[in-house]
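Take a walk through this protein with the structure open beside you. The route runs from one helix to the next, with stops at a few single residues.

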Amino acid sequence: MKLTCLSEGGGFYSPPCHILQWCGFTLLLECPIDLSALAVFSPISTTASSSSDDNSLIRAVPWYKTVASLHLWDPSSIDAVLISSPWALLGLPFLTRKPGFSTSTKIYATEATVRLGHLMMKELAFMHMEYVRYYGPDKKLGLPDWMNWTNLERLQMQLKRIVLGEKQEELSGWVPIYSAGDIKDCIDKIQPLKLGEEVCFNGMLVIRALSSGLEIGSCNWSIKSPKGSLVYLSSSVFGSAHAMEFDYLSLLGHDIIIFSDFSSLNSMDYDEEDTNKCALSGESEDQSVDELSGGDELEAEAEKMHFICSCIVDSVKKGGSVLIPSGRFGVVFPLLELICNLFGSLNMKVPIYIISETAQETLALTNSIPEWLCKQRQEKLFSGEALFQHMELIKEGIVSVHPFLYSNGLLEIWKEPCIVIAPHWSLRLGSAVQLLHHWHADPRSLLILEEGVCAELALMPFKPLKMKVLQCSFLSGIQMKKVNPLLRTLRSKIVLVPQSLRFQFTIRESELCKIYYYTKNETTHIPSLKEGFEAYLATDLAFQLQPTKLPEKNIAVARLKGKLLLRKGIYYLTLPDKPLNMSVKPSVHWGTVEPTCLLRALNEKEIDGSILRNENCDFCVGVKKPAEALIELKGNKIMIYCQDEKVSALIHEALNSVCNRI
């Protein structure tokens, strides 16, 4: 098995990307884009003048940064693509529109991921059109002017690092936005899977999507084959207030784990003391399972939400508005419910606007897929309640949804102070840009940013900035203190871990399994766990076997001829189409021949033989009566020299009696 890490990702919105070569197939794991790189572009300003701090940014229609290393792979060599979340799907149209992409390539994702990812693609393309309307369509063929090397050299070091990468080799990853046709062609190529549904790829690999708990539709992948079983472990969360819980119990007993959760690298909540304490303790299996409950995660996230709500209330009471540019359902939905409940208890009436081209479809969709929601949400379905409170809030007029900022319906009801939830979190696309231009000088207003966003760079075009900024860290993956109990519970033989997590990943190899560390743009080779493979033998074929027992090894062997079939990753041996007469087949011999045993067998056939000296073979036996003959044993060959056919046949029978054969 070979694993090549193409990208370590960049937080919640930019998952990592890998190439897995296993059982003769090449699998692409995730196909994201780095939307945080949009920060190098200057947002469209609603005023004639622009800030001097904005002069260093690129003023042009944005291109989008894909995984640069993926462009080095021939798209026709990719046999299958596995997508774990809607955000890992956003770069797929760039791949499927390539001329070399094979129509036979299978693409697998959960139904929820496909539907949500489709809406995200449409919204991204819609927001991009604002740039096109401002700058006009690109009429120049080839690369845009800002990609000219002379212009790149003028960029600030921070911007140059984003555009070119640390080793200045990522410029090839920038591509223009996909079209509506590209999106449709991409979605049509995907085979959506239900929660826990198994699909067999090419008869060899049995692939299954299991909930990761990170978001609605997000999953981990179980892959089983005749060579063993494997788990692709993406960013996962044990406790979620909206999405289906992390189904780690279904991952038990797999041979290999590819640990691809890089969230701790970007987390603001990493606690080294807790990690070391967990890693050095000798907890039992029962203790490990207890530590994998999500209660502590839910409690910690709830505390963050209450703190954010208190900051929102403070700003609104002072007459300021609040902007929440976020695309995370696990943040927006619980926060929206908590804000409305808090305002209701305080008898405050504050308008809340959700501004997004696809918001209506997204809200309706998330309220129609109960199988991907946590148990608390599912229980509401059986009691006749809405899965999410936002549907009731919209009906009551507390929350209003609009496709864009200047829609007629919104202009008629717009009031301030207000709360606005709008993409895009990069602060370069969508209505969030216009609202920041409007509120950036108001010290009473509040901007809520997520971790993973470089606040200094994102807010550069809006300086001087007087509005308050609250940057929050939300749970985006497995906490390091829970990695050890998780691996102890899963009991895998091999674990592949990012080299960048080596100092945080304090698991002792001898305690659990063999650990391999992989590095970006390097191929990690994993030895095969099985030299051969197992096959199920059909009953009617088994009854035709004539086994020979080997006492020294306490086993029995037999020869057979049948058809080898492969179904759902399992080999089967069945009867051949035409019956075979095994009696006419030559025997197969193995093992060593003892000279004394051979002489005794010859003597029983009334053949007089003696051992001769010969340096060119292991030993020789000369025969004088009843006819002259010579027997040479050399390596794995036995040669019989005799002109008398009857004597030659007797010698052959004697050799058969002293050799292991079937």
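Which residues are buried in α10? Keep that in mind while the setting is laid out. The model is predicted. Its secondary structure comes to 21 helices and 34 strands. The protein has 662 residues, and 50% of them count as buried. About 31,600 Å² is exposed, with carbon and sulfur atoms supplying 51% of that area. Among the contacts with a separation of 6 or more, 69% join residues 24 or more positions apart.

Now for α10 itself. The buried residues in this helix are F329, V331, V332, F333, P334, L335, L336, E337, I339, C340 and F343. E337 is one of them, and Glu counts as charged. The helix covers residues 329-345. Its length can be checked against its residue count. At 1.5 Å a residue, 17 residues should span 24 Å, and the end C-alpha atoms are 24 Å apart, so the two agree.

What follows α10? The answer is N347, with a positive phi near 55°. This is a positive value in a residue other than glycine. N347 sits in the loop between α10 and β16 (352-355). Is N347 buried or exposed? Its relative accessible area is 67%, so N347 is exposed; the cut-off for that label is over 50%.

Q168 offers a second case. Its phi is also positive, near 55°, and Q168 too is a residue other than glycine. Look for Q168 in the loop between α4 (157-164) and β8 (174-175). Its relative accessibility is 48%, so Q168 counts as partly exposed.

Move on to α2, residues 111-135. The same length check works here. Its 25 residues, at 1.5 Å each, should span 36 Å; the end C-alpha atoms are 37 Å apart, which agrees. Just after this helix comes G136, with a positive phi of about 90°.

Helix α2 has a partner. Two packed helices are described by the angle between their axes and the distance between the axes. The partner is α11, residues 359-366. The axes of α2 and α11 come within 10 Å and cross at roughly 170°. The two helices are therefore roughly antiparallel to each other, since angles over 145 degrees earn that description. Which residues meet in this contact? From α2 come R115, L116, L119 and K122. From α11 come E361, T362, L365 and T366. Sorted by character, the residues of this contact are 3 nonpolar, 2 polar and 3 charged.

Two peptide bonds deserve a stop. The bond from E416 to P417 is cis, with omega near 5°. P417 has its place in the loop between α14 (408-413) and β18 (419-421). The bond from K463 to P464 is cis as well, with omega near 0°. For P464, look in the loop between α16 (455-458) and β20 (468-472).

Another proline, P485, lies in helix α17, residues 483-490. P485 has 0% relative accessibility, so it counts as buried. Its C-alpha atom is 7.1 Å from that of L292, although 193 residues separate P485 and L292 along the chain.

D185 gives another pair of this kind. D185 is found in helix α5, residues 180-189. Its relative accessibility is 41%, so D185 counts as partly exposed. How far apart are the C-alpha atoms of D185 and P93? They are separated by 7.8 Å, with these positions 92 residues apart along the chain.

The last stop is a strand. Y572 lies in β28, residues 570-574. With a relative accessible area of 27%, Y572 is partly exposed. Its contacts, leaving aside neighbours within four places in sequence, are Y536, K563, L564, L565 and R567. The C-alpha atoms of Y572 and E534 are separated by 8.8 Å, and the two residues are 38 apart along the chain.

Conventions:
Residues are numbered from 1 along each chain as its sequence is written. This is a predicted model: local features need pLDDT of at least 70, side-chain atom pairs count only at pLDDT 80 or more; totals for chains, interfaces and linings use all residues. Side-chain values use heavy atoms; hydrogens and water are left out. Axes are lines fitted to C-alpha atoms, for helices over the stretch in contact, and angles run from 0 to 180 degrees between N-to-C directions. Helices (H or I, at least four residues) and strands (E, at least two) are DSSP runs, numbered from the N terminus. Angles under 35 degrees count as roughly parallel, over 145 as roughly antiparallel, 65 to 115 as roughly perpendicular and the rest as oblique. Contact means heavy atoms within 4.5 Å. The expected span of a helix is 1.5 Å times one less than its number of residues. Buried means under 20% relative accessible area, exposed over 50%, partly exposed in between (1.4 Å probe, protein chains only). Accessible areas come from the Shrake-Rupley method with a 1.4 Å probe; for residues, only the protein chains shown count as cover.
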